[in-house]
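This report describes the fold of one protein chain, going through its sheets, hairpins, helix packing and core. The structure is shown first.

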Amino acid sequence: SSPVELAAVDLGATSGRVILGRVGPGELELRHVARFPNEPVALRDGLHWDVLGLYRNVLSGLAAAARQSAEIASVGIDSWAVDYALLRNGRMLGVPYHYRDERRGRRGPQLVHDAIDGASLFRRNGLQHLPFNTVYQLACDRADGMLDRADAMLLIPDLLGFQLTGTVVAERTNASTTGLLGAGARDWDRELATTLGFARELFPPLVDPGTSLGAVEAIGAPLTAVGSHDTASAVVAIPTPRDDIAYISCGTWGLVGVELEEPVLTDAAREASFTNEGGVDGRVRFLHNVMGLWLLSESIRTWLGPGASSAEQSSALQELLAQAAAVPASVPVFDVDDPRFLAPGDLPARIAAWLGEHDLPVPDSRPAFVRCIVESLAQAFADTVATAAALSGKRVSAIHLVGGGALNGLLCQATADRSGLPVVAGPVEATAIGNLLVQARAVGAISGSLESLRAVVAATQRPQTYTPTTMRETVSYG
Ligand code: LRH
């Protein structure tokens with residue numbers, strides 16, 4: 001088979017991109033075509049995604065891709081998980097909410113747990129309790145009377161795919177983050193939906209990654225379902241076929257875990273806040289959501305004020321990281337997973353309050369603050385890798401860190417030091433690569449198991465290895 005050109009649309013919580021890929025056996029080349037910010041909008045009723053702006057940018061990005069490529073064989077879309085639009089007769093009912101909306105986060109779990117307790121829910125859906133899981137958000141919509149008129153619930157990539165093709169489906173890896181798929185069978189849990197008062201028709205037919213979803217007329221290529229949950233695509237692109245590794249998909253979130261064949265539905269897994277999300281090819285992504293680079297980006301946003309552009313924010317971050325490298329690693333460490341850090345706003349003040357409550361010193365400069373965040377993240381990454389190994393019984397001899405976090409050398413080294421394991425960092429564009437590889441296999445340009453897709457990544461990408469220095473003194477909290 002000969003190489004093909006494919007387009008990946010990858011939407012993250014802070015920015016989106018359209019990337020062209022040339023993929024064939026042992027071949028993988030990326031060309032960045034478009035990059036655009038993804039800025040939430042606060043309305044009176046809460047925090048929303050600007051889905052129309054995103055769709056417009058996807059369309060113009062795809063048009064630019066079509067101009068730059070002789071022939072695009074397929075398009076694939078992935079984004080962050082859990083969020084959705086409600087529709088009736090193909091028409092959107094309102095603007096999708098952002099998972100960081102605080103009010104819904106407070107109401108949803110209570111509404112659901114009135115009908116089913118957390119432990120029973122975990123046994124059914126295998127998901128980590130996050131206050132924004134789709135099941136909780138839908139419970140808010142139901143309480144607000146918003147489900148009365150809806151005849152479909154489409155997750156963000158499925159929503160954009162529907163606008164491009166008219167096809168109504170639910171891609172399975174992303175659907176696994178709703179809390180409404182059975183952990184074992186990976187089909188909609190109709191009984192659970194009925195218990196919660198959600199109509200059957202809300203949930204579209206499930207499709208697996210690799211399914212062709214119809215033509216995108218604007219560019220004369222078919223849309224192919226990929227691991228449309230960005231984390232599922234990122235895990236496809238881990239640059240090794242080896243099994244004895246843990247991964248960290250590090251962007252806004254740090255998704256830390258291992259890949260398994262079967263879910264782990266034990267009480268211990270639930271108590272450790274582990275999740276069993278659906279991976280490509282039926283694998284299980286057994287992981288825990290660590291708060292991630294959000295802690296850095298939101299702190300910078302607070303320090304620079306609301307007027308700063310995303311370019312100004314990222315150059316401020318680079319500068320502070322360089323200064324933070326000179327701060328000793330023996331800064332205090334806080335629990336990055338405290339839910340108080342979830343909502344947008346003044347994070348440095350909330351971190352300072354956490355440290356004060358735990359009788360720990362508050363860093364006295366911005367570089368020291370940044371170092372404190374980096375070390376706290378690294379400690380959580382290290383602890384979570386150890387817990388993933390213990391809960392799954394899997395041997396872990398290296399950590400693969402993929403995504404934007406791979407550019408953060410301070411964080412990669414701190415993770416190596418605090419875990420005592422080598423950290424192999426990269427590729428940065430793992431999500432787009434996973435998206436492209438699944439498309440390439442679907443159109444026949446490459447073939448084989450996930451391991452052989454990963455071998456293509458290993459053969460073409462150059463990750464950087466961070467070796468642990470002798471374990472420094474590790475600080476524990478709580
Ligand atoms: C990362 C991510 C993560 C989800 C969160 C909502 O982008 O998809 O896997 O838990 O966003």
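In what order do the three strands of the antiparallel open sheet lie? The order is β8-β7-β9. The model is a predicted one, and the description below applies to that model.

**The three-stranded sheet**

Strands β8 (91-92) and β9 (152-155) are at the edges of this sheet; each has a single partner strand, so one side of each is left without a neighbour in the sheet. Strand β7 (residues 84-88) is joined to β9 by four bridges, with the two running antiparallel. Within that pair, Tyr84 stands opposite Leu155 in β9. Helix α5 (residues 156-165) packs on the sheet and touches β7 and β9, and its direction makes about 105 degrees with that of β9.

**Antiparallel strand pairs**

The table lists antiparallel pairs from several parts of the chain.

| Strand | Partner strand | Bridges |
|---|---|---|
| β2 (residues 15-24) | β3 (residues 27-37) | 10 bridges |
| β12 (residues 212-216) | β13 (residues 221-224) | three bridges |
| β14 (residues 245-250) | β15 (residues 254-260) | four bridges |

In the β2 and β3 pair, Arg17 stands opposite Arg35 in β3. The hairpin of β2 and β3 has two residues between the strands, and Gly26 there takes a positive phi near 65 degrees. The hairpin of β12 and β13 has four residues between the strands, with Gly220 at a positive phi near 60 degrees. Ser212 stands opposite Thr224 in β13. In the β14 and β15 pair, Ser249 stands opposite Leu255 in β15.

**Annotated domains**

According to an unreviewed UniProt entry, the annotation "domain: Carbohydrate kinase FGGY N-terminal" covers residues 8-220. In the model, that span is 32% helix and 28% strand, and its end C-alpha atoms lie 15 Å apart. The unreviewed entry also lists "domain: Carbohydrate kinase FGGY C-terminal" for residues 246-442. Over residues 246-442 the chain is 47% helix and 16% strand, with the end C-alpha atoms 27 Å apart.

**The seven-stranded sheet**

Another open sheet has seven strands in the order β16-β17-β15-β14-β18-β19-β20, and its pairing is mixed. Its edge strands are β16 (275-278) and β20 (464-466), each of which pairs on one side only. From one strand to the next the twist averages 30 degrees. Helix α13 lies across β14, β15, β17 (284-290) and β18 (398-402), running at about 20 degrees to β15.

Is Val258, a residue of this sheet's strand β15, buried or exposed? Val258 has 25 other C-beta atoms within 10 Å; because the cut-off for a buried residue is 20 or more, Val258 counts as buried. Leaving out residues up to four places away in sequence, Val258 touches Ala246, Phe286, Ala388, Ser392, Lys394 and Val396. One of these, Lys394, is 136 residues apart from Val258 along the chain, yet their C-alpha atoms are separated by 8.0 Å.

**Helix packing**

Helix α11 (residues 310-324) packs against α13 at an angle of about 85 degrees, with the axes 8 Å apart. That angle makes α11 roughly perpendicular to α13. In this contact, Leu320, Leu321, Gln323 and Ala324 of α11 meet Arg366, Pro367, Val370, Arg371 and Val374 of α13.

Helix α11 also packs with α10 (residues 294-304): their axes come within 10 Å and cross at roughly 110 degrees. This crossing makes α10 roughly perpendicular to α11. On the α10 side the contact is made by Leu296, Ser297, Ile300, Arg301 and Leu304, and on the α11 side by Glu312, Gln313, Ala316 and Leu317.

**The nonpolar core**

Which residues have the most contacts inside the largest nonpolar core? They are Ala7, Leu377 and Leu437, in a core of 148 residues. Helix α13 (residues 366-392) gives the most to this core, with 13 residues. Apart from its neighbours within four places in sequence, Leu377 is in contact with Gly254, Val290, Leu295, Val336 and Leu411. In soluble globular proteins, nonpolar side chains tend to be buried together.

Notes:
Residues numbered from 1 in each chain as written. Predicted model: local features only at pLDDT ≥ 70, side-chain atom pairs only at ≥ 80, totals over all residues. Core = buried A, V, L, I, M, F, W, Y, C linked by C-beta atoms within 7 Å. Buried ≥ 20, exposed ≤ 12 C-beta atoms within 10 Å, placed from the backbone. Contact = placed C-beta atoms within 7 Å. Pairing = 2+ DSSP bridges. UniProt positions renumbered as here; feature names shortened; annotations may be inferred. Axes fitted to C-alpha atoms, helices over the stretch in contact; angles between N-to-C directions. Parallel < 35°, antiparallel > 145°, perpendicular 65-115°, else oblique.
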